Amino acid sequence: MLTVEPLGYACGARIAGADLSKPLSDHDLGVIKAAWTKHLVLVFPKQQITPVDLVAFSRHFGELEDYASQPFNRHPDINEVMVLTNKRTNGKASPTYNAGQNWHTDLSYTIRPAKGTTLYCLERPSVGGDTMFANMYLAYETLSPKMQAFVDGLEGIHDASLIQGLEKRGPEIAAEYKRLNPPVIHPAVRLHPESGRKALYVNERVRQFVGLSEAESKPLIRFLCDHSVASRFVYRHYWSVKDVVMWDNRCLTHLAVGDYDPNESRHMIRTSGKGDYVGRRVETERPQNAARPAASAEIAAGIAALRD
Ligand SMILES: O=C(O)CCC(=O)C(=O)O
Ligand SMILES: [Fe+2]
């Protein structure tokens, strides 16, 4: 028998009584899906599972990402499993040692951002290394109606170069990451297909809004980021080894807190579900603009220069 116990008001619930190393019954899967829609972050404590079990469990919620856009620390045999670790290999720093350290939603810098993510904790430092989750339904719903109407009409440009600490992973990794992930456009507000609620889809990896100048965008992005991660919207997960945590990237942002001793191991494995929605590349904007008559392009460039 599964039990669902809320862990936070904003989001988060613990599911007790599940053994994710075994196939799930339709009934239990139904309970988990309903709890996920309601609580957004689910914690399954004390799981003894293999990477193959993690894949099998995650597949219940849809097709999995193969992490082709970030092929830096995948499991040696399973492309769908990413290894998030600060452990060094042959004296070299792990390319995922500082993953997720600014507020983000997974793979939003790709054209098909991850639907959900499942993380399994194998080792944790003695103190610190929590993960925080912010409820982006509440972030949207607590904006004033005028701001909601404005943000409803915006699209954000998500840029992998805004991943905090990307350059610290090494120049080759940073360059390859950016090459594989040119900026993409996603709506600033997304309707969640299962809950029917609108969620803010703006985070610290958004560079600018389409049609607004950088100067206009920056303070609004800052405001929305700060507003969305107010403590009353946040659940903070304190990890225990063998926790499996799954979250919904369509209505949450999250952050890995980097407050731990780098000499202690923090080691996790992860899967992500392929998104149920596809955005578009920034480049697809250009041909439309380029198609304008030369004279108006010149005027537009002049106005753009004044605006910036
Ligand atoms: O390591 C963590 O706590 C979370 C890292 C992260 O952002 C992720 O797995 O998507
Ligand atoms: Fe993440």
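**Exercise 1. Place Thr117 in this predicted model, then decide: is Thr117 buried or exposed?**

Solution.
Step 1. Find the element. Thr117 belongs to strand 5, which covers residues 116-123.
Step 2. Read the accessibility. The relative accessibility of Thr117 is 0%.
Step 3. Apply the cut-off. Buried means under 20% relative accessible area.
Step 4. Conclude. Thr117 is buried because its relative accessibility is 0%.

**Exercise 2. Which side chains make polar contacts with the side chain of Thr117?**

Solution.
Step 1. Take Asn249. Its side chain makes a polar contact with that of Thr117 at 2.9 Å.
Step 2. Take Ser272. Its side chain is joined to that of Thr117 by a polar contact of 3.4 Å.
Step 3. Check the cut-off. A polar contact needs N or O atoms within 3.5 Å.

**Exercise 3. Describe the surroundings of ligand 1.**

Solution.
Step 1. List neighbours. The residues around ligand 1 include Leu84, Gly100, Thr131, Trp247 and Arg266.
Step 2. Sort by class. The shell has five nonpolar, four polar and three charged residues.
Step 3. Look at the space. Ligand 1 takes up the largest cavity.

**Exercise 4. Which distances link oxygen atoms of ligand 1 to the side chains of His104, Asp106 and Arg270?**

Solution.
Step 1. For His104, an N or O atom of the side chain is 3.0 Å from a ligand 1 oxygen.
Step 2. For Asp106, a polar side-chain atom is 2.9 Å from an oxygen of ligand 1.
Step 3. For Arg270, a side-chain N or O atom is 2.6 Å from an oxygen of ligand 1.
Step 4. Add the cover. Ligand 1 alone exposes 300 Å², and the protein buries 98% of that.

Methods
Residues are numbered from 1 along each chain as its sequence is written. Chains are lettered from A and ligands numbered from 1 in the order in which they are written. This is a predicted model: local features need pLDDT of at least 70, side-chain atom pairs count only at pLDDT 80 or more; totals for chains, interfaces and linings use all residues. Side-chain values use heavy atoms; hydrogens and water are left out. A residue is near a molecule or strand if one of its heavy atoms lies within 4 Å of it. A polar contact is a pair of N or O atoms within 3.5 Å; within protein, one must be able to donate a hydrogen and the other to accept it, and residues adjacent in sequence count only if both atoms are side-chain atoms. Accessible areas come from the Shrake-Rupley method with a 1.4 Å probe; for residues, only the protein chains shown count as cover. On a 1 Å grid over the protein atoms alone, a cavity is a set of points where a 1.4 Å probe fits but cannot get out, and a pocket is an open set with protein on both sides within 12 Å along at least five of seven lines; lining residues have an atom within 4 Å of a point. A molecule sits in a cavity or pocket if more than half of its atoms lie within 2 Å of its grid points. Ala, Val, Leu, Ile, Met, Phe, Trp, Tyr, Cys and Pro count as nonpolar, Asp, Glu, Lys and Arg as charged, and the others, Gly among them, as polar. Helices (H or I, at least four residues) and strands (E, at least two) are DSSP runs, numbered from the N terminus. Buried means under 20% relative accessible area, exposed over 50%, partly exposed in between (1.4 Å probe, protein chains only).
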